[in-house]
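Here is a quick walk through one chain, taking the sheet and then a few residues around it. Have the sequence and the structure open side by side as you read.

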Amino acid sequence: MFSHPVRVYWEDTDAGGVVYHAQYVAFLERARSEWMRALGHGQDVLRTRHDLVFAVRAMRIDFRAPARLDDALQVSVALTGCRRASLVIAQSIHRGDALLLDAEVRVAALDAAGFRPRAIPQPLYAELKAREAQPDQDGRRR
């Protein structure tokens, strides 16, 4: 599991000092980008070396509790599904031990030039497939 720290700034909040709901999507995106960068496949590398971009196809978000101005958050990323042309990623946002949000993000692989669906190049696919979380005995992925 990969985790990325995020601090809540004034620009992330509404007038009441609570994180605006759309800003959580930005936090999730940032963590997925940093996860890929940590694997050695930043956005520019994917585009120039592999002619590949990933685009969000679908997202399920469960908001559990609000984040507030100046909170220190941890945004996690876990690859739960790796197919030839798509990924399924489980994400969560925590403040300390408190779960604030969990999400499932479905990402499609597209060619960088035309934004058409394409297969993930074999070496990258093999690397991602090896990082796919395996279900435990209760069926949950870890």
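What follows is a short report on a predicted model.

## The sheet

Let's begin with the strands. There are five of them in an open sheet, and reading across gives the order E1-E3-E4-E5-E2, with antiparallel pairing. The edges belong to strand E1 (2–7) and strand E2 (52–63), each of which pairs on one side only. From one strand to the next, the twist averages 25°. As a general reminder, strands of a sheet pair through backbone hydrogen bonds, in either a parallel or an antiparallel way.

## Strand by strand

Strand E3 (residues 72–83) and strand E4 (residues 86–95) run antiparallel and are joined by nine bridges. If you look at Arg83, you'll find it standing opposite Ser86 in E4.

Move on to E4 and E5, and you get 10 bridges between antiparallel neighbours. One of the pairs to look for is Ala90 with its bridge partner Glu104 in E5. The hairpin of E4 and E5 has two residues between the strands, and Gly96 takes a positive phi there, near 65°.

E5 also pairs with E2, again in the antiparallel sense, this time over 11 bridges. Here Met59 has Val105 in E5 as its bridge partner. So how much of E5 is buried? The count is 10 of its 14 residues, so the strand is largely enclosed by the rest of the structure.

## A buried loop residue

Ile120 sits in the loop between strand E5 (98–111) and helix H3 (122–130). Is Ile120 buried or exposed? Its relative accessibility is 0%, and buried means under 20%, so Ile120 counts as buried.

What does Ile120 touch, leaving aside residues up to four places away in sequence? The list is Phe54, Arg83, Arg84, Ala85, Ser86, Leu87, Ala109 and Tyr125. Two of those names, Arg83 and Ser86, are the residues that stand opposite each other across E3 and E4. There's also a C-alpha to C-alpha distance to note: Ile120 and Leu110 are 8.4 Å apart in space and 10 residues apart in sequence.

## Helix H3 over the sheet

H3 lies across E2, E3 and E4, and runs at about 115° to E3. Two of its residues are worth a stop. Ala126 is in helix H3 and is partly exposed, at a relative accessible area of 39%. Its C-alpha atom is 9.7 Å from that of Arg84, and the two residues are 42 apart along the chain. Arg84 is also one of the residues that Ile120 touches.

Glu127 lies in helix H3 as well. With a relative accessible area of 24%, Glu127 is partly exposed. Not counting residues up to four places away in sequence, it touches Leu39 and His41. Glu127 and Leu39 are 88 residues apart along the chain, yet their C-alpha atoms are separated by 9.1 Å.

## A nonpolar patch

Finally, a look at the surface. Which residues make the nonpolar surface patch? They are Val25, Val56 and Met59, and the patch covers about 200 Å². Val25 comes from helix H1 (residues 21–38) and is partly exposed, with a relative accessible area of 33%. Met59 is already familiar from the sheet, as the bridge partner of Val105 in E5.

Definitions and conventions:
Residues are numbered from 1 along each chain as its sequence is written. This is a predicted model: local features need pLDDT of at least 70, side-chain atom pairs count only at pLDDT 80 or more; totals for chains, interfaces and linings use all residues. Side-chain values use heavy atoms; hydrogens and water are left out. Helices (H or I, at least four residues) and strands (E, at least two) are DSSP runs, numbered from the N terminus. Buried means under 20% relative accessible area, exposed over 50%, partly exposed in between (1.4 Å probe, protein chains only). Contact means heavy atoms within 4.5 Å. Patches are made of residues with over 30% relative accessible area and no salt bridge: like charges are joined within 9 Å, nonpolar side chains (Val, Leu, Ile, Met, Phe, Trp, Tyr) within 5 Å. Accessible areas come from the Shrake-Rupley method with a 1.4 Å probe; for residues, only the protein chains shown count as cover. A salt bridge is a side-chain nitrogen of Lys or Arg within 4 Å of a carboxyl oxygen of Asp or Glu. Two strands pair if DSSP finds at least two bridges between them. Axes are lines fitted to C-alpha atoms, for helices over the stretch in contact, and angles run from 0 to 180 degrees between N-to-C directions.
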